[in-house]
Amino acid sequence: MKCAIILAGGKGTRMKADCPKVMCNVIFKPMISYVIDAVKEAGAEDICVITGYKHEEVEAYVGKDIKTALQQPQLGTGHAVMQATEFIKGHTDDEILILNGDGPLMDAQTINKAYTYHKENNNSITLISAIVDDTEGIGHIQRDENGTLLRIIEHKDANDEEKKINESNAGCYWFNGGDLLYALGKITNNNAQNEYYLTDTLEILINEGKNAGAYVVENSEVILGANDRKQLNDLNTIMRRNINTRLMVEGVDIPCTDGVMIGKDVKIGNSTVILPNTIILGDTVIGSGCVIGPNTYIDSSTIGDNVVLDNCKILDSTVEDGADCGPFVKVRDNSTLKKGVHIGNFVEVKNSTIGEGTKSAHLTYIGDSDVGSGVNYGCGVATCNYDGKEKHRCKIGDGAFIGCNTNLVAPVKIGNEAYIAAGSTITDDVPDKALAVARARQVIKDGWVDVKKPYKEKK
Ligand code: UD1
Ligand code: CA
């Protein structure tokens with residue numbers, strides 16, 4: 001059985017964040033979420049996260065199906081793993097993956113390749129390593145002249161010669177459970193940082209005559225972590241590129257990736273075009289043949305096929321096939337735009353369902369409304385859905401025509417195929433096929449200007 005321990009106790013002082021470091025976002029998701037996904041995808045059946053600094057935040061995020069162990073105070077990565085002793089005791093015959101919660105680029109393929117290497121060589125410990133250009137702050141992997149592993153030297157403990165070693169410890173290891181338990185009992189804090197280093201287990205197990213190996217990755221990016229905001233930005237850049245590339249391989253058209261940030265869990269159909277400055281997040285699903293963007297923001301929404309969203313903000317809503325919105329449209333709070341709906345410039349739709357083929361071309365607020373199909377909204381219609389205390393709903397029948405500059409004072413029901421005269425303030429229900437005129441009649445005052453003029457001149 002495969003299981004995993006994720007280290008997430010550190011504060012991340014250099015990040016200067018209010019949250020634990022692992023909760024800092026990469027493409028809108030906490031770093032630890034990627035690590036958990038990778039571990040699950042790699043087949044770990046039992047997972048324990050080590051929490052420490054602001055542990056409640058991490059505990060709440062990882063949820064109930066993942067175990068946690070509290071590390072208080074935080075005395076190093078080895079000390080962190082010691083807090084999972086009970087967990088490890090339950091897995092002495094299993095292989096345990098240990099990895100840093102601040103390395104979101106580590107993927108299931110790499111983890112599993114390392115696992116295969118670990119099992120084939122009957123290793124007690126297999127670490128993942130990479131050859132890197134920047135050796136600042138890394139754990140340097142020391143080997144003898146034959147390339148046999150000796151130990152890991154943390155940068156702060158390394159002498160000038162050792163600092164030149166460019167093989168870096170990824171902070172991701174496979175251990176045999178029983179051997180891990182043994183080695184943890186032997187770690188001391190006799191080093192530059194007075195910390196209990198997990199990395200010391202390598203030398204401890206080698207000295208016990210156990211098999212140890214390093215799986216060297218081809219793509220050194222997967223081992224990158226973030227200790228500060230600059231590195232966090234680097235991770236965002238790489239993650240963004242990886243996700244965009246995967247989508248392009250799947251047939252999504254991104255002619256220019258400038259400003260295109262798409263979350264890892266977003267699904268997009270082939271031949272959909274994503275234009276610049278478009279951000280798509282959450283569990284959003286987009287069909288095929290759509291044109292999304294430019295300057296569009298979509299969070300946790302479902303978009304059908306052949307939808308056009310130009311300069312839109314779509315939040316927690318559904319936009320069905322063939323609908324088009326924009327420019328400058330906001331759709332939010334569980335709204336549904338049914339097939340072929342047209343929503344034009346400066347229209348907001350909130351907590352409403354808009355029936356098939358309904359059009360609202362300009363400058364309108366549709367709030368808390370159940371709108372039928374084939375309805376036409378004139379320019380400047382406002383739903384008065386809030387009485388200062390409560391929200392009320394409007395119901396608009398199929399084929400209704402709402403004249404320009406109408407106020408619909410909710411709750412109010414407009415019948416099927418009813419007409420509302422422009423400029424009306426509707427406070428009462430309108431029957432099917434009726435015309436409602438709710439405004440003062442026009443008054444003409446002949447020659448009024450001649451009367452007005454002398455008055456003005458006197459002033
Ligand atoms: C660690 C490794 C280093 C490796 C690097 C890769 C050690 C001693 N060093 O160094 O060899 O090259 O990762 O990124 O392991 N944490 C706790 N409790 C603690 C300390 C840390 O839970 O007391 C967690 C942190 O939240 C973080 C992870 O462990 O997720 C790594 O800690 P960090 O301080 O970033 O280790 P590095 O100095 O980067
Ligand atoms: Ca780190």
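# Ligand site and local backbone features of a predicted model

The shell around ligand 1 consists of eight nonpolar, twelve polar and three charged residues. The structure is a predicted model. Ligand 1 occupies the largest pocket, and the protein buries 86% of the 760 Å² that the ligand exposes when taken alone. The points below describe this site, then helix H1, and then several loops with notable backbone geometry or burial.

**Ligand 1 and its surroundings**

- A total of 23 residues surround ligand 1, and those that come nearest are Gly9, Gln71, Thr77, Glu154 and Asn169.
- Three elements each contribute at least two residues to the shell around ligand 1: strand S1 (2-8), helix H3 (77-82) and strand S10 (167-176).
- Gln71, one of the nearest residues, places an N or O atom of its side chain 2.7 Å from a nitrogen atom of ligand 1.
- Lys21 also approaches the ligand through its side chain, with a polar atom 3.1 Å from an oxygen atom of ligand 1.
- At Gly101 the backbone is involved: a polar backbone atom of this residue lies 3.4 Å from an oxygen atom of ligand 1.

**Helix H1**

- Helix H1 spans residues 31-41 and is mostly covered, with eight of its eleven residues buried.
- The buried set begins with the run Met31, Ile32, Ser33, Tyr34, Val35 and Ile36, and it also includes Ala38 and Val39.
- In an α-helix, residues three or four places apart point the same way, because there are 3.6 residues a turn.
- Gly43, located just after H1, adopts a positive phi of about 100°.

**Cis peptide bonds**

- Gly293 and Pro294 are linked by a cis peptide bond with omega near 5°.
- Pro294 belongs to the loop that runs between strand S17 (291-292) and strand S18 (297-299).
- The bond between Ala410 and Pro411 is likewise cis, and its omega is about 0°.
- Pro411 is placed in the loop between strand S34 (407-409) and strand S35 (412-414).

**Positive phi outside glycine**

- Lys54 is a residue other than glycine with a positive phi, near 45°.
- The loop that holds Lys54 lies between strand S4 (46-51) and helix H2 (55-62).
- Lys54 has a relative accessible area of 34%, so the residue counts as partly exposed.
- Asp316, which is not a glycine either, has a positive phi of about 50°.
- The position of Asp316 is in the loop between strand S21 (312-315) and strand S22 (318-319).
- Asp316 is classed as partly exposed because its relative accessibility is 40%.

**A buried loop residue**

- Ser352 is part of the loop between strand S26 (342-350) and strand S27 (353-354).
- With a relative accessible area of 1%, Ser352 is buried, since the class of buried residues covers values under 20%.
- The C-alpha atoms of Ser352 and Asp333 are 8.1 Å apart in space, while the two residues are 19 residues apart in sequence.

Terms used. Residues are numbered from 1 along each chain as its sequence is written. Chains are lettered from A and ligands numbered from 1 in the order in which they are written. This is a predicted model: local features need pLDDT of at least 70, side-chain atom pairs count only at pLDDT 80 or more; totals for chains, interfaces and linings use all residues. Side-chain values use heavy atoms; hydrogens and water are left out. A residue is near a molecule or strand if one of its heavy atoms lies within 4 Å of it. A polar contact is a pair of N or O atoms within 3.5 Å; within protein, one must be able to donate a hydrogen and the other to accept it, and residues adjacent in sequence count only if both atoms are side-chain atoms. Accessible areas come from the Shrake-Rupley method with a 1.4 Å probe; for residues, only the protein chains shown count as cover. On a 1 Å grid over the protein atoms alone, a cavity is a set of points where a 1.4 Å probe fits but cannot get out, and a pocket is an open set with protein on both sides within 12 Å along at least five of seven lines; lining residues have an atom within 4 Å of a point. A molecule sits in a cavity or pocket if more than half of its atoms lie within 2 Å of its grid points. Helices (H or I, at least four residues) and strands (E, at least two) are DSSP runs, numbered from the N terminus. Ala, Val, Leu, Ile, Met, Phe, Trp, Tyr, Cys and Pro count as nonpolar, Asp, Glu, Lys and Arg as charged, and the others, Gly among them, as polar. Buried means under 20% relative accessible area, exposed over 50%, partly exposed in between (1.4 Å probe, protein chains only).
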